[in-house]
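Hi,

Here is the structure I promised to pass on. Have a look at it first, then read my notes underneath.

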Amino acid sequence: AYERRFPTCPLIPMFVASDTVNEYKSEDEAIHVIERRCKLDIDAPRLLKKIAGVDYVYFVQKNSLNRRERTLHIEAYNETFSNRVIINEHCCYTVHPDNEDWTCFEQSASLDIKSFFGFESTVEKIAMKQYTSNIKKGKEIIEYYLKQLEEEGITFVPRWTPPVACKLESSTSHTRRPVSPAITIPDSATKEGLNNKELLNTSSSPSEPTAGTPDDKLDADYIKRYLGDLTPMQESCLIRLRQWLQETHKGKIPKDEHILRFLRARDFNIDKAREILCQSLTWRKQHQVDYILDTWNPPQVLQDYYAGGWHHHDKDGRPLYVLRLGQMDTKGLVRALGEEALLRYVLSINEEGLRRCEENTKVFGRPISSWTCLVDLEGLNMRHLWRPGVKALLRIIEVVEANYPETLGRLLILRAPRVFPVLWTLVSPFIDDNTRKKFLIYAGNDYQGPGGLLDYIDKEIIPDFLGGECMCEVPEGGLVPKSLYRTAEELENEDIKLWTETIYQSASVFKGAPHEVLIQIVDASSVITWDFDVCKGDIVFNIFHSKRAPQPPKKDSLGAHSITSPGGNNIQLIDKVWQLGRDYSMVESPLICKEGESVQGSHVTRWPGFYILQWKFHSMPACATTNLPRVDDVLASLQVSSHKCKVMYYTEVIGSEDFRGSMTSLESSHSGFSQLSAATTSSSQSHSSSMISR
C-alpha cells in the first residue's frame, strides 16, 4: 500500500513527482531497497521563493523493506539548500511484538537551520506546518491505498519464506563453514606472532583489494608525496571510504586526493562525507562534468568579456586564478548567455583547477590540492548588484561548494569599494564557514603594504594592473554590447532559464501620471536598493520621504490614481494636495534616465517612515531657436492616455541589522578591511549615501 504513493500521490498536492535513483534486491528477495528523488512544491510565501530562486525543492527518500524481519524503514533528507538547512526524517513500519496482526508506525524528524537569507524563523514555521500536516494525513493516505487494494480483490499478501536452497544452507550452517581461499603466510608474520584473526583480516582475493589502495600504494611515501600529513584515523577513513566506493559505485572512482577533500569538508565524519560525495558523483554523471574540458567550448562572448583566467602560482605552489570582477559586466553576460552558460563556464574553470593541482603536485614534489583566487574589485558598483546576476552568482557558489569542497586554499579580495558590504550581505550566507576563514580582504591600496599581496605572491608575478611587472593575459572585460543580448524566449529554447520575468515588475508612465512605489522603513540606516530598465521613452527618477503614509490608490472610474494597461501598471501615491517640503521631502537629486538605459542604485535611509520611489515622464524642453512647441509635445498633450514610457523595475530593502552584520563579519576576516568598514558605517549617517550607476 505504501509503494502506491509513487511516483506521485494525488492525496499529497505538494508531492509533484519522483524518480528512482537506485534500487537493490537481494537474491532471496527478502531485502528490497529503493532510493528516489522527490520533487516538492512547498507551500511558502511567493516572496521567499523569489529570494531563494527556486519554485520546487528536492528530497531524497530511501525505503528499505525487509521481508524476513517484516519491517519497512523510510529515510528522507533534503537535497535542495542542504548547505543551509538540514532536514532528516525517519519512519518505520514494524509488527507489534504482542499481536502479529497489528502494525506499529513510528515517525521522527530533525530540522537544523544554519542560515536562510535572514528568514530562518519563517522557514522554521513553514517546515513545522508541513510536517504537522504530513503526520495528520499519513494514516489517511495509507488507509486510502489499503482500501484501493481491497477493491481490487487483494486482501492478503503471503509472508516471505526463504527459498529451498537457503533453507538447506541454514540447516547445515552449524556443521559446515565457508571455505576461505588458501593464502601464503609470510615468515615475518609467523615470527611476529600474528594470530589467525589478524591474518584473516590482512588476506584478500585478487578481485577484491584490501583496505589499502590498489597496488598497495597507500604507503608512507605515497601519503607524503600526494596526500599530505594524515593521522592514522584520517588514513583509515580514506581507505574505508574508497573501499566502499569500489564495492558499491558502478561509475568512475575518484582519485584519493578528491575523496580526501570531501572527508576534510566534513571533518572526517565518514558517513557525512560519503553522503555528499555520492551526491556529487551522481551530479557529475548526470551533467557529464568529467568530459566538460574535452567536449565544451566556451562561447566567444565569454572569451571576450569574462574577466578571469589562470596566472602562474602563489608562493605555496597553488595555481593562481585572477578575476577582475569590478571590470566584468555580469548583467550583460547573463543577458547575453543566460545563467546555465555561466555556470558551465565556472565548472570548466574548477575542472581546470583540479588538473592544474595535479600538475603542480608533480612539479613541486609535494601535495597541492587547492588553488588561490585573486579578486580585483576596482570598478565594482551597483550594476554588479543586478538581482538576477546576484542570484546566478549565489547558485554558482552553491554548486561549487557542494561539488568542489576544500579546493579554495585562499581568496584575496583587493580594492574593495564602499558598495562591497551590500554584495557581501547577499553572498555570505551561502559560503561555508571553513571557506569564509580563507578570505583576506583589502580596501584601497592596503594590499601593497605589510601583510598584503607580497606575503602570498612572488613580486615577479604580481599582475601589471595591480602595480606589478608581470603582464597578465586575463581579458579586461568591459560592457557586453546590447546587440548580443538575447530574449528570455531564445534562452528558453536552449533549456536555459532567466529569472528576470519572475523578479521584475513592469510599469507604464504617462505625462502627468507618474508611477510610484511605497516602501515603509521601520529601522533607520536600512538600505533601499533598486534596479530598473527604461524600456521606452525618457523618465525622471525621484526618491521622497514622508512621515505619514499616503492614502491607498483610489479605484475610481476615471482611473486618476491607478491605471492598468497591457504594458504594465501605473500607481500614484502622492496626493495632489500634498506640498513638497511640508508633507514630504526629496532625499535624492532627480535622475534623468534615457530610453534603453539600465540603472541600479541604493539609498541608506536616515529616518524611519515612508519612502516613495517615483518614475516620472520626462518632458523635453521646447526648441531653443523658437518658442513653438515640439511636435511630440503637441501629440502628448492631445493623447494623454497613450502609453508614453515603460519601465521594468525591482526593489529590495536590506535591514540595518543585516547590513551592519555583514560589515562585522568582514572586519573579522581581515584587519585590512577596517578602513572600508569605518567609511561605510559613517556614510550611513550622512544625509545622502546613494550610489547610482548605469
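Below is what turned up, beginning with charge pairs and moving on to helix packing.

One thing to keep in mind: this is a predicted model.

**Salt bridges**

The structure holds 26 salt bridges, and I'll go through a few of them. Lys-255 and Glu-358 pair through their side chains at 3.0 Å, N to O. Lys-255 sits in the loop between helix H7 (232-248) and helix H8 (256-265), while Glu-358 belongs to helix H13 (residues 339-364), so this pair ties together parts that are 103 residues apart in sequence. How accessible are the two partners? Lys-255 is partly exposed, at 46% relative accessibility, and Glu-358 is partly exposed as well, at 31%.

H13 also carries Glu-351, whose side chain forms a salt bridge with Arg-284, again at 3.0 Å from N to O. Arg-284 is in helix H9 (residues 270-286), which puts the partners 67 residues apart and makes this a link between distant parts of the chain. Are these two buried or exposed? Glu-351 is buried, with a relative accessible area of 9%, and Arg-284 is buried at 8%. The cut-off for buried is under 20%, so you can see how both end up in that class.

Glu-339, another H13 residue, pairs with Arg-395 of helix H14 (residues 387-403). The N to O distance there is 2.8 Å, and the two residues are 56 apart along the chain. This one is mixed: Glu-339 is buried, with a relative accessible area of 6%, whereas Arg-395 is partly exposed at 26%.

Beyond these pairs, there is a network of salt bridges that links Asp-314, Asp-316, Arg-318 and Arg-410.

**Helix packing**

H14 comes up again here. It packs against helix H15 (residues 420-427) at an angle of about 50°, with the axes 10 Å apart. That angle makes H14 oblique to H15, and the crossing is right-handed. On the H14 side the contact is made by Arg-387, Val-390, Leu-393, Leu-394 and Ile-397, and on the H15 side by Leu-423, Leu-426 and Val-427. What kinds of residue are these? They divide into 7 nonpolar, no polar and 1 charged.

Helix H6 (residues 220-227) and H8 are the other pair I'd point you to. Their axes come within 11 Å and cross at roughly 75°, which means H6 is roughly perpendicular to H8. Tyr-222, Tyr-226 and Leu-227 of H6 meet Asp-256, Glu-257, Leu-260 and Arg-264 of H8. This contact divides into 4 nonpolar, no polar and 3 charged residues.

**A buried helix**

Finally, take a look at helix H12 (residues 330-337). Why call it enclosed? 8 of its 8 residues are buried, so H12 is largely enclosed by the rest of the structure. The buried residues include two with charged side chains, Lys-331 and Arg-335, along with Thr-330, Gly-332, Leu-333, Val-334, Ala-336 and Leu-337. Right after H12 comes Gly-338, which has a positive phi, near 90°.

That's everything from my side; shout if anything is unclear.

Cheers

Notes:
Residues numbered from 1 in each chain as written. Predicted model: local features only at pLDDT ≥ 70, side-chain atom pairs only at ≥ 80, totals over all residues. Heavy atoms only, no water. Salt bridge = Lys/Arg side-chain N within 4 Å of Asp/Glu carboxyl O. Helix = DSSP H or I, 4+ residues; strand = E, 2+ residues; numbered from the N terminus. Buried < 20%, exposed > 50% of the residue type's maximum accessible area, 1.4 Å probe, protein only. Axes fitted to C-alpha atoms, helices over the stretch in contact; angles between N-to-C directions. Parallel < 35°, antiparallel > 145°, perpendicular 65-115°, else oblique. Left-handed = near helix turned anticlockwise from the far one by under 90°. Contact = heavy atoms within 4.5 Å.
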